[in-house]
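Me: I would like to take a close look at a single part of this structure and then see how the rest is arranged around the same ideas. Please explain each term when it comes up.

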Amino acid sequence: MQSWRRRKSLWLALSASWLLLVLLGGFSLLRLALPPRPRPGAPQGWPRWLDAELLQSFSQAGELPEDAASPQAPHGGSCNWGACFDTSKCRGDGLKVFVYPASGPISETHHRILASIEGSRFHTFSPAGACLLLLLSLDAQTGECSSMPLQWNRGRNHLVLRLHPAPCPKTFQLGQAMVAEASPTVDSFRPGFDVALPFLPEAHPLRGGAPGQLQQHSPQPGIALLALEEERGGWRTADTGSSACPWDARCEQDPGPGQTQRGETLPNATFCLISGHRPEAASRFLQALQAGCIPVLLSPRWELPFSEVIDWTKAAIVADERLPLQVLAALQEMSPARVLALRQQTQFLWDAYFSSVEKVIHTTLEVIQDRIFGTSAHPSLLWNSPPGALLALSTFSTSPQDFPFYHLQQGSRPEGRFSALIWVGPPGQPPLKLIQAVAGSQHCAQILVLWSNERPLPSSWPETAMPLTVIDGHRKVSDRFFPYSTIRTDAILSLDARSSLSTSEVDFAFVVWQSFPERMVGFLTSSHFWDEAHGGWGYTAERTNEFSMVLTTAAFYHRYYHTLFTHSLPKALRTLADEAPTCVDVLMNFLVAAVTKLPPIKVPYGKQRQEAAPLASGGPGPRPKPQAPAPNCVNQIAAAFGHMPLLSSRLRLDPVLFKDPVSVQRKKYRSLEKP
């Protein structure tokens, strides 16, 4: 009897030990499953179940040791980038894409895809000069299957694009062709070769797209913790206790009060639980991103979109559906700072890569171009930080410190010199006084005169302490924003030959720009507004308490915007600026606002000069009257962008002692207050 009691006590002790081990060890290891940070150049599959927070104080997520087990070979052949793609065809002009014409009627979705590719810098009409041949897979609306093109060549240097699941079986072998497919399964996806796309709804906008819906970054009292996608469509929100597991049918606890939302309604919750078993559940992923609801993917069987370049550890959570209680408890214990960071990243990724068909297509082509450039492609920071890789062109630089957006992350500061670019249009008088005023600035490194009129170049120019270079332009207003190789500084002071500035105004404006290198800093302003009477956007150059644009006849900005203007904007918009010169200021302000999501900055300007300053850069005459852009200019540009990026501001930056009742000798920029 006593021996039996001893055995029972020993059995109970062992059971308690095992239970304690599970609670203390297993719970912490499995409470969250976060994918490891992608490594440039390495194929990325789905992660192992690890919790990066366990080693937060000692290593980053990308430094965690990986298992030595080799991944299972994917279905669909042994093709990889080195073996099945000929990069020699991409030398010279880089990635150029030819799209096979459709053999029959195509859907509205395919019209949008064709328009987005043809309007991009990648497109070419010559298949012989193309680096990539793109075949659009017809969708379910047509009820037909794609046929093999004549130049198939076993699929080498081909990309088969499927924005929606294929409605019919494959009519030919893919061979060496890449596949860009919506929500591919992990078994069929070939990492580093295929491209995983998001599951787009049929009504997804061509360009622009709706902005993210997150209004409050931190959870407010009363907002549901969880939103669960339902099989019949829609979302069900629930505030659950730690003992509930509302997605697990084996749980018997009451999941608490819930509310069902219709399928088109974005979820209003902190975390969105998405099943990984059903392929159609992938369509909920974009809804969660747009709503700022952190996606929690439950043992997914499909590849995350653009997982090769996007670090999803910053925006989503992968969880094991077999551990509902542990996952739910981990979500409830997540710190507000971590929740804030995840939600902010969902909004950035939605806006940068997923809000329109055009962005999805361009991201796909950018991923392939990064493979071509190899080690000189975008670093992870450019893909995963605003404004994103689509707006940080690798043809300009692959170093973050060369762009105007990353000085804060890099702990750097723009260089202390600028280049003055003076545009000389009709009537073609040399801007002698302006050159002298700019040359007097202690920050000026060089002066470039862009001669853009029919008169011959003057034989002599004023002597300056810094180099003065004269460029013979092509008589187009858009020449002002061409990325000339002679510009050696990050900062550009864009000037019109008829502008009038003092040296103090130039010096102070440049100091302001150094603190805001991603924004435009100017002297003269204008505003946009919604005109209810005409049902469109209007423009005014009147001096009001708000402004949304600065005139490029006198403004500082980063030289990178010349590269974006020339190589990123559609050719139709640059043509519009040349045909209607008064539109060029509006177009440049649209571009910078679309990139930064910020308004420009105004600095003080002499009153007399402001009343006489030119508001346009294209009309003849020494002092033109204020001119507004063409009536449809703002609306045409807004339609091409797909949305209105301009933001209004009431801010003007002045020197600290500006107009203060102190001695003039104590003021650094004294001439700013002269009448």
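Reply: Ala291 is placed in helix α4, which covers residues 283–291; helices (H or I, at least four residues) and strands (E, at least two) are DSSP runs, numbered from the N terminus. The model is a predicted one, in which local features need pLDDT of at least 70 and side-chain atom pairs count only at pLDDT 80 or more, while totals for chains, interfaces and linings use all residues. Residues are numbered from 1 along each chain as its sequence is written, and side-chain values use heavy atoms, with hydrogens and water left out.

Is Ala291 buried or exposed? With 8% relative accessibility, Ala291 counts as buried, because buried means under 20% relative accessible area, exposed over 50%, and partly exposed in between (1.4 Å probe, protein chains only). Setting aside neighbours within four places in sequence, Ala291 is in contact (heavy atoms within 4.5 Å) with Gln213, Leu214, Leu266, Pro267 and Gln347. Pro211 is 80 residues away from Ala291 along the chain, yet their C-alpha atoms are separated by 9.3 Å.

To place Ala291 in a wider setting, we can turn to the nonpolar cores. A nonpolar core is a set of buried Ala, Val, Leu, Ile, Met, Phe, Trp, Tyr and Cys residues joined through side-chain atoms within 4.5 Å. In soluble globular proteins, nonpolar side chains tend to be buried together. The largest core here has 87 residues, and the members that touch the most others are Phe418, Val438, Ile447, Phe556, Phe590 and Ile637. The element giving the most to this core is helix α14 (residues 584–596), with 10 residues. At least three residues come from each of domain 1 (79–167 + 174–209 + 356–394) and domain 3 (418–606 + 631–641), where the domain bounds come from an automatic or database domain assignment. Apart from this core lies another, of 66 residues, and Ala291 is among them, as are Cys90, Ile113 and Ala269.

Returning to the largest core, Phe418 touches residues including Val438, Cys444, Leu493, Phe510 and Phe556, if one does not count residues up to four places away in sequence. Val438 itself sits in helix α10 (residues 432–439), where Leu434, Ile435, Ala437, Val438 and Ala439 are buried. The buried residues of α10 pack against the strands β12 (418–424), β13 (444–451), β14 (468–472) and β15 (491–496), as well as against helix α11 (503–515).

Burial is not confined to nonpolar residues, as Thr552 shows: this residue is buried, with a relative accessible area of 0%. Thr552 lies in the loop between β19 (549–550) and β20 (554–558), and, leaving aside neighbours within four places in sequence, its contacts are Arg480, Phe481, Ser494, Leu495, Met520, Asp585 and Met588.

Charged residues add another kind of link, the salt bridge, which is a side-chain nitrogen of Lys or Arg within 4 Å of a carboxyl oxygen of Asp or Glu. The structure holds 12 of these salt bridges. One of them joins the side chains of Lys359 and Asp351 at 3.9 Å, N to O; Lys359 counts as buried at 17% relative accessibility, whereas Asp351 is partly exposed, with a relative accessible area of 24%. Both belong to a network of salt bridges that also includes Lys597. Lys597 is found in the loop between α14 and β21 (601–602), is partly exposed at 41% relative accessibility, and has a phi near 60°, a positive value in a residue other than glycine. Most residues other than glycine have a negative phi, and most peptide bonds are trans.

Finally, a word on confidence, for which pLDDT is the predictor's own value for each residue, from 0 to 100. The chain has a mean pLDDT of 79, with 75% of its residues reaching 70 or more. Among its elements, β20 has the highest mean, 97, and strand β8 (residues 258–261) the lowest, 50. Over residues 249–258 the pLDDT stays under 50, although the model has 17 contacts for them beyond four places in sequence. Residues 612–626 are also below 50, and this stretch has 37 contacts in the model beyond near neighbours in sequence. Where pLDDT is low, the predicted coordinates should not be read in detail.
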